[in-house]
Amino acid sequence: MKVRIEDFIVTKKYDEDEKEKVWWIESYLGNSSKVIIPDEYQGQKIEGIATATFLDHTELEEIQLPKSLKIIDYRAFEGCTNLKKVEIPETVETISIQAFQGCEH
């Protein structure tokens, strides 16, 4: 199942070099058990999953992250107790502390 981009709050933040702004997923508003985050939003890559984006989404079982992703921030998936499958792309450079805290599977 592909989740609509409208199910997310997406914002721009400066990249690590503070040269350009890049898209980050800030919050998930949906309730699907399987989520595919798109690689791009408005023609630009999604590079980050922000702090507590999926906090306590216990319905979440599978997630496919964008191929452009670089950062999974602090507590991004904390409390997703039914999360069983995460496809993390090779582009990910940073997985912050407690990003998957409370994920039991």
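Which strands make up the open sheet of three strands, and in what order? In this predicted model, the order is β3-β6-β8, and the pairing is parallel. Strands β3 (34-36) and β8 occupy the edges, where each has a single partner strand, so one side of each is left without a neighbour in the sheet. From one strand to the next, the twist averages 5°. The contact between β6 (residues 62-64) and β8 can be followed in detail: these strands pair in the parallel sense over three bridges. Within this pairing, E62 has K85 of β8 as its bridge partner. Strands of a sheet pair through backbone hydrogen bonds, either parallel or antiparallel.

Both senses of pairing can be traced around strand β5 (residues 44-49). Strand β2 (residues 21-28) runs parallel to β5 and is joined to it by three bridges; here W24 stands opposite G48. Strand β7 also pairs with β5 in the parallel sense, over two bridges, and G48 has I71 of β7 as its bridge partner. Residue G48 of β5 thus appears in the pairing with W24 and in the pairing with I71.

The pairing of β5 with β4 (residues 40-41) is antiparallel and rests on two bridges. In this pairing, E40 is matched with K45 of β5. The two strands form a hairpin with two residues between them. One residue of the turn, Q42, has a positive phi of about 50°.

Beyond β7 (71-72), the chain enters the loop that leads to β8 (85-87), and D73 is found in this loop. Is D73 buried or exposed? Its relative accessible area is 18%, so D73 is buried, the limit for that class being under 20%. Leaving aside neighbours within four places in sequence, D73 is in contact with W24, I49, A50, T51, S96 and A99. Among these contacts is W24, the residue that stands opposite G48 in β5.

The cysteines remain to be considered. How many disulfides does the count come to? The count comes to zero. C80 is in no disulfide, and the nearest cysteine sulfur, that of C103, is 5.2 Å away. C103 is likewise in no disulfide, the nearest cysteine sulfur being that of C80. A disulfide requires a pair of cysteine sulfur atoms within 2.5 Å. C80 has a relative accessibility of 0% and therefore counts as buried.

Terms used:
Residues are numbered from 1 along each chain as its sequence is written. This is a predicted model: local features need pLDDT of at least 70, side-chain atom pairs count only at pLDDT 80 or more; totals for chains, interfaces and linings use all residues. Side-chain values use heavy atoms; hydrogens and water are left out. Helices (H or I, at least four residues) and strands (E, at least two) are DSSP runs, numbered from the N terminus. Buried means under 20% relative accessible area, exposed over 50%, partly exposed in between (1.4 Å probe, protein chains only). Contact means heavy atoms within 4.5 Å. Two strands pair if DSSP finds at least two bridges between them. Axes are lines fitted to C-alpha atoms, for helices over the stretch in contact, and angles run from 0 to 180 degrees between N-to-C directions.
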